[in-house]
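Trainee: I keep meeting words such as "buried", "stacked" and "cavity", and I would like to learn how each label is earned. Could we go through one example together?

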Amino acid sequence: MTRIKEKNMPSLTSITRRNMKSQNTKICIYGIFTFVLLWSSKLGANASREAKQWRHHGGSRQLLRETFYPSYGESMPNSFQYRKTSTIFNVLNFGAKGDGTSDDTKAFEAAWFAACKLEASTMVVPKGSVFLIKPISFSGPDCQPNIIFQLDGKIIAPKASGSWESGLLQWLEFTKLNGITIRGTGIVDGQGSGWWTKSGTKPTAIRFYGSSDVTVTGITIQNSPQTHLKFDNCQSVQVSDITVSSPGDSPNTDGIHLQNSQDVTIQSSKLACGDDCVSIQTGCSAVNIQNVDCGPGHGISIGSLGEDNTKACVSNITVLDTKIHDAMNGVRIKTWQGGSGSVQGVVFSNIQLSQVKTAIVIDQYYCDGSKCKNDTSAVAVSGISFENIRGTYTVNPVKFACSDSLPCTDITLDTIQLRPVQGSDHLSKPFCSNIYGELKTSTTPPIDCLMVGKPSRKQALNNYDSCQN
């Protein structure tokens, strides 16, 4: 019989190839299926972990939104953003009422305790609420670095003195922290009017102690019982765009007080108070003040230094591009008799004065009491430059009262233009005593009492050397 070959009948080779291709396809599909199962399992594990995190913070996306975005209206973050922003701690979620009458101190303590444990965390005081806070310490050194205190609401102090411990020195204290920032548009109100007529110890509104890399920006501090903002034993401090506001007759309400602090910058701020707008005390160096509006107040002061026969060392202070108005003084250095140490390397430049009582002051006979004894020792004052100081005064343009035993040396006057306010009574002429230096330009009024050269005594060098030890 003749075998007939069918047309288009596949060969054994082609069948084998097709079977192999089919098998490869099945293997590929199986591999993809296995990968999808593993990937889905991983997603499920991640989802489970995120669910646990969500339950830890309230159990729902809505509560998370309320927890981390209570009043700002942001959209709900994705999982990556959530993990990134989980370092935000809003005081409202720790029991704070924010009604201005309930005591929210414990809620603030709890929020700080949580923020303190995580680096670069943020403690939020939200806008639209008023928080009554008793004296509190936000402290280290166990806190992680770079914590942000986001202040957009208002914090008020108790009015009743009975709410304060006897002899308390501060209200809001930040101590032993590395990288601490207070920022925002909020208000710190010390409600200090009840304190101003009382004698004795009064608390500072905000105090930083033993901290480094400190930033304060944007906030308003008002009506402090005493000093508004104090830095003690701090390094690398930045203050900018803040407002200090208290009446000109509120006693001892310095705007910013510096003590034993180095590398400090204060700029673009408005300081109105009842004492020195900026007070620079012993142990301060590398302080730069620029573009500050001061007034009312007592001006910008170095000192007082050397009280009770103490040693004081201040160096490298610069005050630039600043306005001082409606103040007791313009720029001032004040020291007590009997002290030791030195003030050196100071520049006051481009200062605009308006209706200040005394425009430029160096006073080595400073005394704020009725009984002050004469003493031969003093804090040495040298290397002080007054440049481009212009404006109006109501009593005295210049007062240089330097020690008989330790004269002021290397004092430079350059472009001093001071005029009395029209109609002022009891005007005085420039006063100089025991001061040596250089008059680089003519002045208004003429300051012809500055002595040229240096004093014959060398005692000043001993005091300068004592600050190098």
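Mentor: Gladly! Let's begin with a term: a cavity is a set of grid points where a 1.4 Å probe fits but cannot get out, whereas a pocket is an open set. Keep in mind that this is a predicted model.

Trainee: What volume does the largest cavity have, and which residues line it?

Mentor: Its volume is about 30 Å³. The search of the whole structure finds one cavity of 30 Å³ or more. The lining consists of Phe138, Phe149, Leu151, Leu172, Phe174, Ile182, Val188 and Ile206. Strand 6 (147-151) and strand 8 (170-175) are the elements that give two or more residues to this lining.

Trainee: How do you know what class of residue surrounds that cavity?

Mentor: Sort the names. Val, Leu, Ile and Phe count as nonpolar, and the lining comes out as eight nonpolar, no polar and no charged residues.

Trainee: Now the rings. Why is the pair of phenylalanine 174 and phenylalanine 208 called stacked?

Mentor: Two values decide it. A pair needs centres within 6.5 Å, and planes under 30 degrees apart count as stacked. Here the centres are 5.1 Å apart and the planes are at 20 degrees, so the pair is stacked.

Trainee: What makes this a link between distant parts of the chain?

Mentor: Phenylalanine 174 is in strand 8 and phenylalanine 208 is in strand 11 (residues 204-209), with their positions 34 residues apart in the numbering.

Trainee: And how do you know whether these two rings belong to buried or exposed residues?

Mentor: Buried means under 20% relative accessible area. Phenylalanine 174 has 1%, so the residue counts as buried. Phenylalanine 208 has 0%, so that one is buried as well.

Trainee: What kind of pair do phenylalanine 208 and phenylalanine 231 form?

Mentor: The numbers are 5.2 Å centre to centre and 10 degrees between the planes, and the pair is stacked. Phenylalanine 208 lies in strand 11 and phenylalanine 231 in strand 14 (residues 229-232), so parts 23 residues apart in sequence are tied together. Phenylalanine 231 has a relative accessible area of 0%, so this residue is buried.

Trainee: Which residues make up the cluster of linked rings?

Mentor: Ring pairs join Trp112, Phe138, Phe149, Phe174, Phe208 and Phe231. By the pairing rule, the count of aromatic pairs comes to 14.

Trainee: Let's turn to the largest pocket. What volume does the largest pocket have, and which residues lie nearest its centre?

Mentor: The volume is about 810 Å³. The lining has 34 residues, and Asp254, His257, Gln281, Ser304 and Glu307 lie nearest the centre. Strand 21 gives the largest share of the lining, three residues. By class, the lining has six nonpolar, 16 polar and 12 charged residues.

Trainee: How do you know where the "active site" feature is placed?

Mentor: That comes from a record: UniProt puts the feature "active site" at His298, in an unreviewed entry. Histidine 298 sits in the loop between strand 20 (285-294) and strand 21 (300-305).

Trainee: Why does histidine 298 count as buried?

Mentor: The cut-off is under 20%. Histidine 298 has 18% relative accessibility, so the residue counts as buried.

Trainee: Then why is leucine 92 called partly exposed?

Mentor: Partly exposed runs between the 20% and 50% limits. Leucine 92 has 33%, so the label is partly exposed. Leucine 92 is placed in the loop between strand 1 (88-90) and strand 2 (99-103).

Trainee: What makes the backbone noteworthy at aspartate 410 and threonine 415?

Mentor: Most residues other than glycine have a negative phi. Aspartate 410 has phi near 55 degrees, a positive value, and threonine 415 has phi near 60 degrees, also positive. Aspartate 410 lies in strand 26 (residues 408-420), and threonine 415 is found in strand 26 too.

Trainee: And which peptide bonds are cis?

Mentor: Among them are the bond from glycine 140 to proline 141, with omega near 5 degrees, and the bond from threonine 444 to proline 445, with omega near -10 degrees. As background, most peptide bonds are trans.

Definitions and conventions:
Residues numbered from 1 in each chain as written. Predicted model: local features only at pLDDT ≥ 70, side-chain atom pairs only at ≥ 80, totals over all residues. Heavy atoms only, no water. 1 Å grid on protein atoms, 1.4 Å probe; cavity = no way out; pocket = protein on both sides within 12 Å on 5 of 7 lines; lining within 4 Å. Points joined across faces, edges and corners; volume = space filled by probe spheres on them. Helix = DSSP H or I, 4+ residues; strand = E, 2+ residues; numbered from the N terminus. Phe/Tyr/Trp six-rings, centres within 6.5 Å; stacked < 30°, edge-to-face > 60°. Buried < 20%, exposed > 50% of the residue type's maximum accessible area, 1.4 Å probe, protein only. UniProt positions renumbered as here; feature names shortened; annotations may be inferred.
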